[in-house]
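Please read the points below alongside the model, which is a predicted one. They are numbered so that each can be checked in turn.

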Amino acid sequence: MKPWNQPSRDEEIARLKSDLWMARSTIINLMPAEFGGLLRGYYSCASRQDGHRWMDGVVDELIEQAGHSAHPSDMFGERRAMCPLCGQGSSSPYVEGYSLPEGLRRHLVGWGNQRCVVMETVSHLAQDHWDEKFASAEEEALSASKAAELQRRKTETLYRVSPGSEPKLLDEGSYAWSPPRSPEQLAFAAERLKSLGFQCLTDNNVQTWVDEQADYVVYADPRQAGRLEFEVWRKPLPKRMAPNSRHRMAGRFHLLDSWKKDLLEKYSHRVTQGLTR
Ligand SMILES: [Zn+2]
């Protein structure tokens, strides 16, 4: 039986967290007074994005401050300074301090070498604070965007572009460099697919463009501007397919909208290539 005054596991964890916070805060408190306010700036960040901007600003400001106490340029024309927070310099025995600005930036940010222990501490304090401050707003935003997506899936046209995955929204998986088609471009895609022998099957708001043959079926994805994507699948397709299964897929290829010549030959050639690989 545990003694009556022995703390529970949760109490113990809470105490250790509080001790860790205290130890980290003490490190910041030991910094020169002029950096205290700068390093505690994470309290006033309005979002995580704002926080990342603040962190970049801290690094710039520290590099600027270090410049005031930098050694004059050496024989290689390089200015160097010790880290204004932890007092460390390069690990090389031949040089003192970090080169300005990149060497010190790397030390403060933690690229390629061990990060400044003070900056690491500030970063942990900031992350913990932001987790606490922004978690509920982020959760709300996430569930709002999930609800909006669910609503869109009910009302907008969905495209089944593969037998192995759920139907997709027009802009699902699109990026700035591969935007979805406009209504006019979608009409162009539909005409082109028909000319290649495709059929458009509709089931409620789900569209499926297929070229169904005796021993294979080709699924087309008309969503991306400027190109048609195709997946060739061997028949018979399994009745139940594991999510994202590619087991019966024979190949994948695309045709660009800008291509005008011998489209049917190009299409048939690529289908055959997939099936005979
Ligand atoms: Zn440092």
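1. The lining of the largest pocket draws at least two residues from each of α1 (9–29) and α5, and α1 is the element that gives the most to that lining, with 5 residues. The residues that line this pocket are Lys17, Ser18, Leu20, Trp21, Arg24, Tyr42, Tyr43, Leu125, Asp128, His129 and Glu132, and the volume comes to about 280 Å³.

2. A reader new to the model may next turn to the metal site, where the zinc ion has as its protein donors Cys83 and Cys86, each through SG, His107 through NE2, and Cys116 through SG, at distances of 2.1 to 2.3 Å. The angles among the 4 donor atoms run from 103 to 117 degrees, and the site is tetrahedral. Along the sequence, the donor residues follow the spacing C-x2-C-x20-H-x8-C.

3. Are the donors His107 and Cys116 buried or exposed? His107 has a relative accessible area of 3%, and because buried means under 20%, this residue counts as buried. Cys116, at 0% relative accessibility, is likewise counted as buried.

4. The largest nonpolar core consists of 29 residues, and those with the most contacts inside it are Leu39, Trp54, Leu85, Leu104, Leu108 and Met119. At least two residues of this core come from each of α2 (33–39), α3 (48–68), α4 (102–109) and α5 (117–155). Apart from this core lies another one, of 18 residues, which includes Leu196, Phe198, Ala250 and Leu263.

5. Leu108 deserves a separate look, since it links the topics of the preceding points: it is among the residues with the most contacts inside the largest nonpolar core, and, when neighbours within four places in sequence are left aside, Leu108 is in contact with Val59, Leu62, Ile63, Cys83, Leu85, Arg115, Cys116 and Met119. Two of these partners, Cys83 and Cys116, are also donors of the zinc ion.

6. Finally, which loop holds Gly173? Gly173 is found in the loop between β3 (158–160) and α6 (183–195). With a relative accessible area of 57%, Gly173 is exposed, because the cut-off for that term is over 50%. Although Gly173 and Gln224 are 51 residues apart along the chain, their C-alpha atoms are separated by 9.5 Å.

Note on methods: Residues numbered from 1 in each chain as written. Predicted model: local features only at pLDDT ≥ 70, side-chain atom pairs only at ≥ 80, totals over all residues. Heavy atoms only, no water. Donors = N, O, S within 2.8 Å, 3.2 Å for Na, K, Ca; no water. Tetrahedral: all angles 85-135°; square planar, octahedral: opposite > 155°, others 65-115°. Buried < 20%, exposed > 50% of the residue type's maximum accessible area, 1.4 Å probe, protein only. Core = buried A, V, L, I, M, F, W, Y, C linked by side-chain atoms within 4.5 Å. Helix = DSSP H or I, 4+ residues; strand = E, 2+ residues; numbered from the N terminus. Contact = heavy atoms within 4.5 Å. 1 Å grid on protein atoms, 1.4 Å probe; cavity = no way out; pocket = protein on both sides within 12 Å on 5 of 7 lines; lining within 4 Å. Points joined across faces, edges and corners; volume = space filled by probe spheres on them.
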